Amino acid sequence: MEKYLDLKNTIDYSKLKFAGEIIKNGGLVLFPTETVYGIGANGLDENAVKKIYMAKGRKQDNPLILHISDFNMLSKIAKNISEIEYTLIKAFWPGPFTIILNRTDIVPDIVTAGLDTVGVRMPSGNIAKELISYAGVPIAAPSANISGRPSGTNISDIFQELSDKVDYIIDGGECEVGLESTVVRVIDGIPNILRPGKISPEDIQKTVGTVKVDDHILKNIKMDEKVLSPGMKYRHYAPKSKCILVYSPNNQKMIEKVREISKGYHNPLIISCNENANCYDVRNKIMYGSKENLREIAQNIFKDLRKVDEFEPDIVIIEGVKSEGIGLAIMNRLIRACEYHYIKV
């Protein structure tokens, strides 16, 4: 059976019908969303969802997100949706926005890690939406990567590690956003950001007037704590090499600290913005984009983290960015990739 579908240069989404049948019948499908690629299974089928955890090597206390294509699916999996939750849904769906809602009994415990809530998202990417429609069920889909590794934003980066673990692969080219969705839970009428993404605190505040950013976004979480969202626990987004994140609001101070650290190693690799790359006299450098364009950096960061181990560095030093707008999501992913080795100067 041919298990690869190339949709990079076509809008004939009828070809997704076969992939939808695989989902419906309990199989795994690798597919693109506007954020990152996902490993998808029938989110209402406990045995199918177990296959996701096995394919990724993911611990089952880490909840999954259900992806839907219409509001009829929402009514089947979520209940008691409040006015403010509906306001957020109307503002940011379809799009890179996940909201934690009270779940119905139809949602298996394995999806929610035993919680009474479930994360729900309606993706805006046409391939994802059509795939869910053809499947006719909500699709449980974490990021396409072996757990702990950087998420996949194109098929070539993840093909080798995942192709023999799924039943079907859909290639939609590069993902538009490059970071996983913003995850929000409304607590006492206030939206709490549990995982930052393209939809920023500023976007949410403009919509409903108030927002809170969870304390764990830029800090470690205890291993025995229950988490409400994916991406809050465990080593994540990381290459095999040790990484250090350096940031200062003063660009020259940041450059000087990166130089200082790099001098202590034989084969350092520096990941920097385009504007600073010439400031470093090292053999190995990766430029992740312009500091004037954080969306470009967001789109490139996972792809660039996946290149790191090719250089076999003894240390990776990464320039940070300002934690505002999508910069908060970038810093969240980089801090996790560096396993909280973070220096602010």
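Biologist: Which strand do two bridges join to S3, and how do the two run?
Modeller: That is strand S8, residues 139-140, and the two strands run antiparallel. Keep in mind that this is a predicted model.

Biologist: What is the bridge partner of Asn42 in S8?
Modeller: Ile139 is the partner of Asn42.

Biologist: And how many bridges join S2 to S3?
Modeller: Four bridges join them, and S2, residues 29-32, runs antiparallel to S3. Pro32 stands opposite Tyr37. The connection from S2 to S3 is a hairpin through four residues.

Biologist: How many residues of S3 are buried?
Modeller: Six of six, so the strand, residues 37-42, is mostly covered.

Biologist: Back to S2. What does Val29 touch, leaving out residues up to four places away in sequence?
Modeller: Val29 touches Ala19, Ile22, Ile23, Gly38, Ile39, Gly40, Leu131, Tyr168 and Ile170.

Biologist: Which residues touch the most other members of the largest nonpolar core?
Modeller: Val29, Leu30, Leu74, Trp93, Phe97 and Ile170 do. That core has 66 residues. There is also a second, separate core of 39 residues. Leu269, Val321, Ile330 and Ile335 are among its members.

Biologist: Switching to rings. How many aromatic pairs does a search of the whole structure find?
Modeller: Three. One of them is Phe18 with Tyr168. Their ring centres are 5.4 Å apart and the planes meet at 75°, so the pair is edge-to-face.

Biologist: Where in the chain do Phe18 and Tyr168 sit?
Modeller: Phe18 is in helix H1, residues 17-24, and Tyr168 is in strand S9, residues 168-171. They are 150 residues apart, so the pair links distant parts of the chain.

Biologist: Is Tyr168 buried or exposed?
Modeller: Tyr168 is buried, at 5% relative accessible area. Phe18 is partly exposed, at 39%.

Biologist: What kind of aromatic pair do Phe92 and Phe97 form?
Modeller: A tilted one. The centres are 5.0 Å apart, with 40° between the planes. Phe92 and Phe97 are both buried.

Biologist: Phe92 is in H4, I see. Which residues of that helix are buried?
Modeller: Ile84, Glu85, Leu88, Ile89 and Phe92 are buried in H4, which spans residues 83-92. They cover an arc of only 145° around the axis, so they lie on the same side of H4.

Biologist: Why would residues spaced like that point the same way?
Modeller: An α-helix has 3.6 residues a turn, so residues three or four places apart point the same way.

Biologist: What is exposed on the other side of H4?
Modeller: Glu83 and Lys90 are exposed there.

Biologist: And what covers the buried residues of H4?
Modeller: The cover includes helix H3 (71-77) and helix H8 (201-208). Strands S6 (97-103), S10 (182-187) and S11 (190-195) are also included.

Biologist: What about the backbone after H4? Which peptide bond is cis?
Modeller: The one from Trp93 to Pro94 is cis, with omega near -15°. Pro94 is in the loop between H4 and S6.

Biologist: What is phi of Asn80?
Modeller: Positive, about 55°, although Asn80 is not a glycine. Asn80 is in the loop between strand S5 (78-79) and H4. It counts as exposed, at 61% relative accessibility.

Biologist: And phi of Glu312?
Modeller: Near 50°, again a positive value in a residue other than glycine. Glu312 is in the loop between helix H10 (294-307) and strand S16 (315-319). Its relative accessibility is 66%, so Glu312 counts as exposed.

Biologist: What is usual for phi and for peptide bonds?
Modeller: Most residues other than glycine have a negative phi, and most peptide bonds are trans.

Biologist: Last topic, cysteines. How many disulfides does a search of the whole structure find?
Modeller: Zero.

Biologist: Why is there no bond from Cys273 to its closest cysteine sulfur?
Modeller: The closest cysteine sulfur is in Cys279, 8.1 Å away, and that is too far for a bond. A disulfide needs the sulfur atoms within 2.5 Å. Seen from Cys279, the closest cysteine sulfur is the one in Cys273.

Biologist: Is Cys273 buried or exposed?
Modeller: Cys273 is buried, at 2% relative accessibility. Cys279 is partly exposed, at 25% relative accessible area.

Notes. Residues numbered from 1 in each chain as written. Predicted model: local features only at pLDDT ≥ 70, side-chain atom pairs only at ≥ 80, totals over all residues. Heavy atoms only, no water. Buried < 20%, exposed > 50% of the residue type's maximum accessible area, 1.4 Å probe, protein only. Core = buried A, V, L, I, M, F, W, Y, C linked by side-chain atoms within 4.5 Å. Contact = heavy atoms within 4.5 Å. Phe/Tyr/Trp six-rings, centres within 6.5 Å; stacked < 30°, edge-to-face > 60°. Arc of directions from axis to C-beta. Pairing = 2+ DSSP bridges.
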